[in-house]
Amino acid sequence: MSKNLDFVKFDKVDKSYDGKVLVVKDLNLDIAEGEFITMLGPSGSGKTTCLMMLAGFETPTNGEIYLDKNPISNIPPHKRGIGMVFQNYALFPHMTVYENLAFPLKVRKFQKDEIDKKVDKALSMVSLSGFEHRMPGQLSGGQQQRVAVARSLVFDPQLVLMDEPLGALDKNLRESMQYEIKHIHESIGVTVVYVTHDQSEALTMSNRIAVFNDGKVQQLSSPDKLYEEPVNSFVAEFIGENNTFAGQVTNMSGKACKVKLNDGTEIIANPISVKSNGDKTTVSLRPERALINTKEKMDNNFKGKIEEVIYHGDHTRVRLDLLGNKEFILKVPNSSANMDIKMGNQINVSWNSHDARALDPK
Amino acid sequence: MSSETGKILTTDGIPLEVSLKKAERKNKIKAFLLVAPLLLFLLITYIFPIGDMLMRSVDDKMVTEMLPKTFKSMEKWDGKELPPEEVFESFYFDFQKLVEEKRDGKLSTQLNYTKNGFKSILKKLRRKAKNFEEGNYKEQIMAVHKRWADVEYWRAIQRRAPAYTSQKYLKGIDMYKNEEGKIVSVEEDRRVHRILWLRTLEIAFFVTLLCFLMAYPIAHLLATLPMKYSNLLMICVLLPFWTSLLVRTASWMILLQQQGVVNDFFVMIGLVADDNRPEMMFNKTGTYVAMTQILLPFMVLPLYSVMKTISPSLMRAGKSLGGTPFVAFWKVYFPLTIPGIGAGCLLVFILAIGYYITPALVGGASGTLISNQIAFHMKSTLDWSFASAMGLMLLAGVLAIYWVYNKLVGVDNIKLG
């Protein structure tokens with residue numbers, strides 16, 4: 001099966017509500033058929049607006065959206081055939097679970113026995129068989145969520161949009177629902193566009209993640225690349241934890257550069273978005289990439305003072321005062337070798353220059 | 001723990017139930033004292049007057065007490081021919097006693113309700129009775145006026161013998177107990193009340209319908225507009241609500257009269273000829289227009305409070321699942337507003353059915369309602385028992401509507417806000 005690589009295509013889409021501020025700026029985004037793509041970003045970053053434009057509840061101010069190569073700006077929502085899961089589920093409270101699921105089939109004039117079959121199938125997919133005659137109010141949050149997912153899939157749409165569907169659930173339920181939605185996606189191969197502000201949700205579920213900020217896609221890549229190789233300091237900050245050093249590039253040499261920090265020390269970093277000497281930069285380093293008292297040979301070695309130790313069970317978080325950064329965080333696995341971590345102690349911290357990414361200044 | 005007796009005891013050995021009651025008694029008394037003023041108020045201003053009305057509407061003791069001897073002697077009379085001398089005699093003595101106590105006027109009013117023509121013959125009897133001689137009262141009374149020799153009038157007196165009567169209720173629906181004691185309708189040209197009842201129901205129904213048709217879109221707009229606009233609109237809806245009812249009705253009179261603003265406008269745009277201005281006042285049209293406007297907020301507010309709770313994402317869900325805007329509205333939105341519709345319609349209908357001031361002022365002859373008739377009997381004819389009877393019939397009607405409504409929609413589904 002040859003996959004359609006631009007099943008959904010945002011082509012130079014702008015959106016403004018008041019004619020003064022652009023909520024979405026020049027968005028270009030291709031979504032492949034069968035992909036699970038997540039729009040991730042802080043609130044107000046334009047991700048939900050993009051979803052609403054795709055669903056047809058908002059119209060682009062400029063540009064066009066294509067669904068399977070057809071422009072859809074002039075097609076009303078009910079003719080787009082896109083399934084949607086809403087933030088608060090939006091189950092019809094006066095209908096039973098069965099009637100909720102049958103609604104999209106009835107308006108499409110399916111036969112009664114066909115409706116029964118499809119509803120059965122959709123409910124068993126979310127393991128809610130036997131709940132047909134319950135009212136939504138009689139279901140728990142997680143069950144309502146599953147009904148909403150089943151309803152968005154019951155009429156076999158090619159594209160399903162999910163607008164922060166797990167936002168109202170508690171942590172455990174949210175995690176199990178993440179896997180469940182992921183498995184459903186894998187088993188039926190539907191294209192999913194998922195909106196969330198929860199980065200762990202995005203990282204666990206998606207094929208690709210589009211990080212939104214300020215109306216623009218900051219980075220579009222697979223979850224591992226996004227985490228390991230952020231292209232700018234917003235993404236580095238937003239995804240996962242991050243230690244930063246502000247400084248100035250002093251010596252560019254191909255795959256490495258020297259960065260002079262504000263306190264005068266020089267560190268070696270990996271130049272990502274710096275071009276030449278004198279560029280201001282923010283160096284980003286993931287906490288788990290810095291090691292203490294290691295025997296491995298690494299090209300950055302410094303001494304820091306332990307300011308705070310927070311016990312987390314399987315690991316300990318250590319806050320250091322390192323190179324003028326009092327918020328330097330380390331994650332230390334709980335093993336007998338690291339028992340000497342005490343407040344006030346001086347320890348050696350080392351990392352590879354490859355992991356210290358010199359990004360744009362904040 | 002005393003598991004043997006099955007009763008759970010507290011640590012002090014008192015049964016738990018007793019201890020619980022004791023602990024809650026204080027709260028119960030407190031709660032009762034807090035609601036007691038309202039309870040008392042309701043008893044005095046609501047329950048008691050309604051009870052009194054009920055008594056008044058069936059009470060017919062007045063005549064019974066005024067003519068005790070007459071009714072006693074009438075017990076043997078079969079009512080076919082003129083009563084025997086004995087009846088005339090006791091009537092004479094009863095009447096003389098009333099004249100002495102100066103209560104004969106009341107008797108004549110009461111008897112006149114039963115049959116027209118009593119007033120004048122009683123007045124005449126009073127004048128002539130001074131010169132009556134002892135014995136043979138039948139002859140002497142019959143000589144006063146020829147109606148005293150008419151058996152119909154004596155039957156009319158006899159009909160007032162029971163202490164309680166359903167006559168006022170029958171009168172309320174244009175029926176009466178005829179001479180043979182059968183319940184029959186009055187002649188067609190005298191059936192005023194039935195027309196009024198039907199008109200009241202008709203006007204209340206159409207006012208409710210008009211209110212619903214106009215309030216639904218407004219309420220929807222109110223519920224969906226952003227806060228700063230919806231507040232303004234809400235004030236526009238409520239402003240008339242805060243204006244005096246009389247002022248509003250009077251302004252409708254100014255607007256709707258034949259030389260009024262609305263008619264002037266119609267003439268100006270050439271819709272009607274100047275010498276052929278439509279009458280919109282002192283008829284049903286006036287009542288419809290004014291009552292609909294006045295009762296509109298009672299429909300808007302319950303609808304609004306229900307619509308406010310309906311998440312806009314439900315309509316979106318309906319559309320995204322393939323429903324046209326109309327299907328999404330009809331299958332998703334509309335069913336969810338039914339509690340508000342029920343509350344609003346019930347409220348407006350019940351208010352409309354007993355409406356008084358507006359129809360009295362703008363209704364004219366063809367636009368008045370049953371409540372105006374009740375007021376008429378309260379103030380003009382002073383037939384309070386008839387007014388009470390009609391008031392109670394109205395109350396019963398409202399309760400019946402409520403009951404029907406409960407069967408159809410379910411009172412639990414009402415949402416007033």
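Guide: Domain bounds here come from an automatic or database domain assignment. The model itself is predicted.

Visitor: Into which domains is chain B divided?

Guide: The assignment starts chain B with domain 1, covering 1-45. Domain 2 spans 61-162, and the division ends with domain 3 (192-413). Chain B is thus divided into domain 1, domain 2 and domain 3.

Visitor: What distance separates the centres of domain 1 and domain 2 of chain B?

Guide: The centres are taken over C-alpha atoms. For domain 1 of chain B and domain 2 of chain B, the separation is 63 Å.

Visitor: How many residues does each domain of chain A give to the contact between domain 1 and domain 2?

Guide: Chain A is assigned domain 1 (8-233) and domain 2 (241-359), with 39 Å between their centres. On the side of domain 1 that touches domain 2, two residues are nonpolar, two are polar and none is charged. The contact takes four residues from domain 1 of chain A and six residues from domain 2 of chain A.

Visitor: Which element of chain B gives the largest share of the side that touches chain A?

Guide: In the contact between the chains, 15 residues of chain B meet 19 residues of chain A. Two elements of chain B, α15 (312-320) and α16 (325-353), give two or more residues to that side. By class, the side of chain B that touches chain A has seven nonpolar, six polar and two charged residues. The largest share, six residues, comes from α15(B).

Visitor: Why is α10(B) described as oblique to α14(B)?

Guide: Two packed helices are described by the angle between their axes and the distance between the axes. The axes of α10 (192-224) and α14 (284-308) of chain B come within 6 Å and cross at roughly 40°. Angles under 35 degrees count as roughly parallel and 65 to 115 as roughly perpendicular, with the rest outside these ranges and not over 145 counted as oblique. The crossing angle therefore makes α10(B), relative to α14(B), oblique.

Visitor: What is the handedness of the crossing of α10(B) and α14(B)?

Guide: The contact of α10(B) with α14(B) has 22 nonpolar, three polar and two charged residues. The crossing of these two helices is right-handed.

Visitor: Which residue in the turn between β1(A) and β2(A) has a positive phi?

Guide: Strands β1 (8-16) and β2 (22-31) of chain A pair in the antiparallel sense over six bridges, and Phe10(A) stands opposite Leu29(A) in β2(A). The two strands form a hairpin with five residues between them. Within the turn, a positive phi of about 80° belongs to Gly19(A).

Visitor: Which residue in β4(A) stands opposite Val8(A)?

Guide: Strand β1(A) is also joined to β4 (62-67) of chain A, by five bridges, and these two strands run antiparallel. Opposite Val8(A), in β4(A), stands Leu67(A).

Visitor: Which are the edge strands of the six-strand open sheet in chain A?

Guide: The strand order is β6-β7-β8-β3-β9-β10, and the pairing is mixed. From one strand to the next, the twist averages 20°. Each edge strand pairs on one side only, and the edges are β6 (82-85) and β10 (216-221) of chain A.

Visitor: What is the bridge partner of Val211(A) in β10(A)?

Guide: Strand β9 (208-213) of chain A pairs with β10(A) in the antiparallel sense, over five bridges. In β10(A), the partner of Val211(A) is Gln219(A).

How values were computed:
Residues are numbered from 1 along each chain as its sequence is written. Chains are lettered from A and ligands numbered from 1 in the order in which they are written. This is a predicted model: local features need pLDDT of at least 70, side-chain atom pairs count only at pLDDT 80 or more; totals for chains, interfaces and linings use all residues. Two residues are in contact if their C-beta atoms, placed from the backbone, lie within 7 Å. Helices (H or I, at least four residues) and strands (E, at least two) are DSSP runs, numbered from the N terminus. Ala, Val, Leu, Ile, Met, Phe, Trp, Tyr, Cys and Pro count as nonpolar, Asp, Glu, Lys and Arg as charged, and the others, Gly among them, as polar. Two strands pair if DSSP finds at least two bridges between them. Axes are lines fitted to C-alpha atoms, for helices over the stretch in contact, and angles run from 0 to 180 degrees between N-to-C directions. A crossing is left-handed if the near helix is turned anticlockwise from the far one by less than a right angle, and right-handed if clockwise.
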